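Student: I should like to learn how to read backbone angles, exposure and strand order in a structural model. May we work through a case together?

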Amino acid sequence: MASFTPEATIGPFYPGAFLTGFSQDLWTVAPLAAHHPQGQPMVLVARFLDSMGQPVPSLVVEFWQANAHGRYRHPEDQSEAPLDPQFDGFARLRTSEDGVMRLRTIKPGAHPVVRGSGEMRAPHLRLTIFASGIDRLITQVFFDDEPLNQSDPVLQSIPDPRVRERLVARRRTGSADAGAASEYEIDVILRGEHETPFFDDWDQ
Amino acid sequence: MTTRDAVQRGGRLLPVVVNDRESETRTPANRLYRIPDAARDPFAPCPPAPVVAAAESDLTRIAPGRPPARGETIAIAGRILDEDLRPVRRTLVEVWGANAHGRYSHVADAIRNDAPLDPNFYGFGRLVTDEDGRYRVRTIKPGAYIARRDISWWRPPHVHFSVVGSGVRLVTQMYFPGEPLNETDFIFLIVPQVDRGRVIGEPLTSTSGDRTFRFDIVIRGRFQTPPDADE
């Protein structure tokens, strides 16, 4: 059994240049390009709060998701759903002073839990969260208009329905983005009474 | 909490860094939830590695041909390995740190820190590992800086590392051997004693040129061979 390099916080001085090193808008492959990813453009507005109810600025989220067909651009995803040449499914964003970030992306498709299985993962976004004061946190965000939430094995693994609900983004009416087919919002509470559930991806 | 809730949580309870207000207000108080075994598919993002210019791994010059940054030029080199100790190939490594005076080139540091900027040091760089998972960066030995004046908490010299891609994700900090401030730094001390050697660079002897520290990184997760470029 190897020993692993311990994780640490990104601290307060994470270079902004690293944010722009990756896409921050998954609708757009390049400025003025006519190419666009397949599927429905959506917006997720996520607000991050601390135990005092204060917004958390300069928090970095890496989003990772399937494309509109439910396929990840990952060597281990051997599903028969097609890749989308215009969609890699990775974005890195930072919260503003009011603790908010807006992700412009494509609504992810549902996909089998494992290849060929009848059990389905509901459409969801995978979040890796970094900020001063915390080490890497991971969680997943679901959408309140998806019936598959009722049988999603990750969402339903959280026994308390009130806690489970904290991972479900609510659909808003309208969007500030003219191109959005839908806009969702969610509060992620890092610590406190209504704390968001986070997952452990270490082997037990 | 129901019994089932307690069982399902079963994951780690994350430690809080003493005297770090942001850690105290941002670290989840509840245990992490275990991911059901059936759904333990790639949680770690696998973004395609960006195209990175060779000069981006030399932090001592802000552009080729510019004057060198102030301070001692050092090299940090090592390998990125997965949990089976296989090389993590073609993965992105991002590196950042303070300048020789202990000042970051970040607007947030201007508020706190009256140490000078160095016009020839931005303090961030990146590279992609080779086929053996190797990396090498040139940078400046960072200065120490004060994190909290009211309790005289100094951060020892350290360099931040981030590894993303190829099925692994890790952010860590590398410290330098023999620094007295290591022993009083709350962020260093939260590392379990048995693992502290893992975050201290190892000075290499008999090198010519830059003083070099070896820093191997072993990450939980299994390296996945990235698809071929034309796939």
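Student: Before we begin, what kind of model is this?

Tutor: This is a predicted model. We shall take the exposed positions before the sheet.

Student: Is Leu85(B) buried or exposed?

Tutor: One counts neighbouring C-beta atoms, and a residue is exposed if 12 or fewer others lie within 10 Å of its own. Leu85(B) has 12 other C-beta atoms within 10 Å, so Leu85(B) is exposed. Its place is in the loop between β2 (73-81) and β3 (92-97) of chain B. Although not a glycine, Leu85(B) has a positive phi of about 60°.

Student: Which loop contains Asn19(B), and how many other C-beta atoms surround it within 10 Å?

Tutor: Asn19(B) belongs to the loop joining α1 (3-9) and α2 (21-26) in chain B. The count is 14 other C-beta atoms within 10 Å, and therefore Asn19(B) is partly exposed. Asn19(B), which is not a glycine either, has a positive phi of about 70°.

Student: What is the strand order in the open sheet of four strands in chain B?

Tutor: The order is β4-β3-β8-β9, with antiparallel pairing. At the edges stand β4 (124-128) and β9 (168-175) of chain B; each has a single partner strand, so one side of each is left without a neighbour in the sheet. From one strand to the next, the twist averages 15°.

Student: How many bridges link β8 and β9 of chain B?

Tutor: Strand β8 (residues 158-165) pairs with β9(B) over eight bridges, in the antiparallel sense. As one instance, Val159(B) has Met174(B) in β9(B) as its bridge partner.

Definitions and conventions
Residues are numbered from 1 along each chain as its sequence is written. Chains are lettered from A and ligands numbered from 1 in the order in which they are written. This is a predicted model: local features need pLDDT of at least 70, side-chain atom pairs count only at pLDDT 80 or more; totals for chains, interfaces and linings use all residues. Helices (H or I, at least four residues) and strands (E, at least two) are DSSP runs, numbered from the N terminus. A residue is buried if 20 or more other C-beta atoms lie within 10 Å of its own, exposed if 12 or fewer, and partly exposed in between; C-beta atoms are placed from the backbone. Two strands pair if DSSP finds at least two bridges between them. Axes are lines fitted to C-alpha atoms, for helices over the stretch in contact, and angles run from 0 to 180 degrees between N-to-C directions.
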